[in-house]
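The following exercises concern domain organisation, a ligand shell and a nonpolar core. Please examine the sequence and the structure before reading the solutions.

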Amino acid sequence: MISDLVIIGGGASGFMGAITAINSGLRSVVILEGTSKVLEKVRISGGGRCNLTNSCCEISNLVNNYPRGEKQLIGLFNRFSTTQAFDWFEKKGLSLKIEKDGRVFPSSDSSEEVVKCLTSVAKRSGVKIFTNSHVKQISKINEGFNLLVKGKNSYETKNVLICTGGHPSGRRLAKSLGHSIVKPVPSLFSFSSSENSLRTCSGITLNVQIKLTVNKKRFTETGPVLITHKGFSGPVILRLSAFGARNLNANKYNGELRINWLCINEDEARLKIDLYKLENGKKLVFNNKPFPKIPRSLWKALLSSLNIDTKLKWSDISKFEKESLVKSLIMKKYLINSRGPFGEEFVTAGGVSLKEINFKTMESKLCKGLFFAGEVLDIDGVTGGFNFQHCWTSGWVAGNSFV
Ligand SMILES: Cc1cc2nc3c(=O)[nH]c(=O)nc-3n(C[C@H](O)[C@H](O)[C@H](O)COP(=O)(O)OP(=O)(O)OC[C@H]3O[C@@H](n4cnc5c(N)ncnc54)[C@H](O)[C@@H]3O)c2cc1C
């Protein structure tokens, strides 16, 4: 029997596509999952808690969280955005909570609940799910497509929705049907630096402004940085790694960071130092700081890197030393020279070229009956639930294209 729709890949976008398609009236919807378990990334996501969306609901702000796909997502989010995703899960019986920073998690803090919700809704709706069914090959036949499954029979289907995430096989299948692929590169990673001056500060998290320059291209972000024993991580770094993903890859992950540790300008820093100096002239510079926000170990590390004498008193600080300190606090330079370990998340930037997709339906412009959703496309977001949101949205739009 020929199916109405076969979905390749049992991840977030595949399940959303399948459930929406069957509930919109398709009679036979099948998910073919290559591994032995569906929704594995949902299970491990968000440190086992699954940050499944974000409370950011203003579409013009929401799309700023997508280094790739920003333009195409405007139309998609106008149809199914964060609010709709939130309501969708709650209506399916999954209770959600919003954390202070806007990230949305299941109230139980367990990603297993998201997996249970999606699998039980899919099964109840009549979606057929086959695991250990890796699709090797796809070919166009008169009525639709023929899919060759590793070690198994082939499937015939009128429509195909490719939801293979960052896995290379999905890009290969798309290519075999004429699609072009934007070179995949990693996104959402930390930075390694061979500089030693901050070794004593590992573990410190601080709100900073960072300018990343990669081969003359500059990216600026503000937010929490985490100093690690090998370099830098934390939300602001992951965001920079996402927006700079292509440039960093092209430059072999070499770049220059300028960190403003205080998030104020040079004049404000100078003024604060001058006022502090007036009242604390007899105190040691090393042990007494005008900036309560700066942790003690970081203050000492910055002073040591300037070779400031540990016995220096505020009243004796020279103009040169003061200016060097201001520069260190406001625009200290650190060189990065490789990609560090991934943060909590990791996604692939790149994938099926967006030029070849009709974003009203998620259907290929090159091959009728072929659809795409999720990370297999050249769309990716920063951390905060934005990657899953794009999967729910594109899966939902694809699933609704058969009405
Ligand atoms: C550790 C980690 C934590 C994360 N945490 C978060 C988070 O908290 N919030 C967030 O928004 N994002 C998070 N992400 C990103 C998010 O997981 C992905 O963006 C999302 O899972 C992509 O969904 P998808 O449906 O496109 O693909 P996937 O979830 O990757 O699913 C694709 C599925 O297709 C299957 N497949 C591949 N090729 C074939 C084939 N040829 N035949 C059959 N099956 C195939 C794969 O086995 C897989 O099951 C995290 C990522 C990682 C790695």
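**Exercise 1: the ligand shell**

Determine which domains supply the shell around the ligand, and how its residues divide by class.

Solution. Domain 1 (3-180 + 353-402) and domain 2 (186-347), with bounds from an automatic or database domain assignment, each give at least three residues to the shell around the ligand. The model is predicted: local features need pLDDT of at least 70, side-chain atom pairs count only at pLDDT 80 or more, and totals for chains, interfaces and linings use all residues. Residues are numbered from 1 along each chain as its sequence is written.

Next, the classes: the shell has 12 nonpolar, 20 polar and 6 charged residues. Here Ala, Val, Leu, Ile, Met, Phe, Trp, Tyr, Cys and Pro count as nonpolar, Asp, Glu, Lys and Arg as charged, and the others, Gly among them, as polar.

**Exercise 2: the nonpolar core**

Where does the largest nonpolar core lie relative to the two domains?

Solution. A nonpolar core joins buried Ala, Val, Leu, Ile, Met, Phe, Trp, Tyr and Cys residues through C-beta atoms within 7 Å; buried requires 20 or more other C-beta atoms within 10 Å of a residue's own, C-beta atoms being placed from the backbone. The largest such core has 103 residues, and Phe372 is among those with the most contacts inside it. Because both domain 1 and domain 2 give residues to this core, it lies between them.

**Exercise 3: the domain interface**

Describe the separation of the domains and the contacts between them.

Solution. The C-alpha centres of domain 1 and domain 2 lie 39 Å apart. In contact (C-beta atoms, placed from the backbone, within 7 Å) are 9 residues of domain 1 and 12 residues of domain 2. On the domain 1 side, these residues comprise 2 nonpolar, 5 polar and 2 charged.

Methods
Buried ≥ 20, exposed ≤ 12 C-beta atoms within 10 Å, placed from the backbone. Contact = placed C-beta atoms within 7 Å.
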